[in-house]
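Here's a quick walk through one protein model, going from its charged pairs to its core. Keep the viewer open and follow along.

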Amino acid sequence: MCAERPGLVPVHGSPALSVEYGLNRLGSADTVIVPGQSDPGPPSVAVRDALAASAARGPRMVATCTGAFTLAAAGLLDKRRATTHWQHAASLAVSTLRSKLSRRC
């Protein structure tokens with residue numbers, strides 16, 4: 001598990017996670033899971049770049065709920081099917097015009 005800033009990281013719908021590693025850990029991950037956030041705003045450039053670099057290596061890239069916005073911001077949903085929580089589906093459709101939003105989970 002890693003984060004842009006290691007330490008206690010709040011997660012929407014769950015207790016905070018205690019994260020020990022920084023984004024450089026993505027360089028060796030076999031699976032990258034992006035959790036949902038209460039405010040699915042755009043991620044930092046550092047997070048986008050780290051996710052894109054990691055994805056280029058070929059690991060499984062997964063997002064739960066609104067974590068799809070983070071993958072979309074990194075360009076990782078382009079020309080792919082994606083979905084998110086129904087309350088955020090319209091926003092994801094607008095922000096990911098190059099992906100195929102599925103309204104079915």
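How many salt bridges does the structure hold? The answer is 1, and bear in mind that we're looking at a predicted model. The pair is Arg5 and Glu4, whose side chains meet with an N to O distance of 3.6 Å. As a general point, side chains of opposite charge can pair when their charged atoms come close. As for cover, Arg5 is exposed, because its relative accessible area is 62%, over the 50% cut-off. Glu4, at 34%, is partly exposed.

**How far to trust it**

The protein chain has a mean pLDDT of 81, with 83% of residues at 70 or more. Helix H1, residues 45-57, gets the highest confidence, with a mean of 94. At the other end sits strand E6, residues 100-101, where the mean is lowest, at 52. So if you're poking around strand E6, remember that mean of 52 for a scale that runs from 0 to 100.

**Overall layout**

The chain has 105 residues, and 31% of them count as buried. Its secondary structure adds up to 3 helices and 6 strands. Reading from the N terminus, the order is β-β-β-α-β-α-β-α-β. Among contacts with a separation of 6 or more, 39% link residues 24 or more positions apart. The accessible surface is about 6800 Å², and carbon and sulfur atoms own 54% of that.

**Into the core**

Which residues have the most contacts inside the largest nonpolar core? They are Leu26, Val32, Val34, Leu51, Leu71, Leu76 and Leu77, in a core of 14 residues. Strand E3 (31-34), H1 and helix H2 (67-73) each give two or more residues to this core.

Leu26 is a handy place to start clicking. Setting aside neighbours within four places in sequence, Leu26 is in contact with Cys2, Val32, Ala50, Leu51, Ser54 and Arg57. Val32 and Leu51 in that list are themselves among the residues with the most contacts inside the core.

Next, try Thr70, which lies in helix H2. Is Thr70 buried or exposed? Thr70 is buried, because its relative accessible area is 5%, under the 20% cut-off. With the same four-place neighbours left out, Thr70 is in contact with Val34, Gln37, Pro43, Val47 and Leu51. Leu51 therefore turns up beside both Leu26 and Thr70, with heavy atoms within 4.5 Å in each case.

**Near the start of the chain**

Gly7 belongs to strand E1, residues 7-11. Gly7 touches Leu17, Ser18 and Val19, again not counting residues up to four places away. Gly7 and Leu17 are 10 residues apart in sequence, and their C-alpha atoms are 7.9 Å apart. At 25% relative accessibility, Gly7 is partly exposed.

What about cysteines? The whole structure has 0 disulfides. Cys2 and Cys65 are both in the table below, along with the other partly exposed residues mentioned here.

| Residue | Relative accessible area | Class |
|---|---|---|
| Cys2 | 25% | partly exposed |
| Cys65 | 33% | partly exposed |
| Gly7 | 25% | partly exposed |
| Glu4 | 34% | partly exposed |

These values fall in the partly exposed class because they lie between the 20% and 50% cut-offs.

Methods. Residues numbered from 1 in each chain as written. Predicted model: local features only at pLDDT ≥ 70, side-chain atom pairs only at ≥ 80, totals over all residues. Heavy atoms only, no water. Disulfide = S-S within 2.5 Å. Buried < 20%, exposed > 50% of the residue type's maximum accessible area, 1.4 Å probe, protein only. pLDDT = per-residue confidence, 0-100. Helix = DSSP H or I, 4+ residues; strand = E, 2+ residues; numbered from the N terminus. Core = buried A, V, L, I, M, F, W, Y, C linked by side-chain atoms within 4.5 Å. Areas by Shrake-Rupley, 256 points an atom, 1.4 Å probe, with all protein chains shown as cover. Salt bridge = Lys/Arg side-chain N within 4 Å of Asp/Glu carboxyl O.
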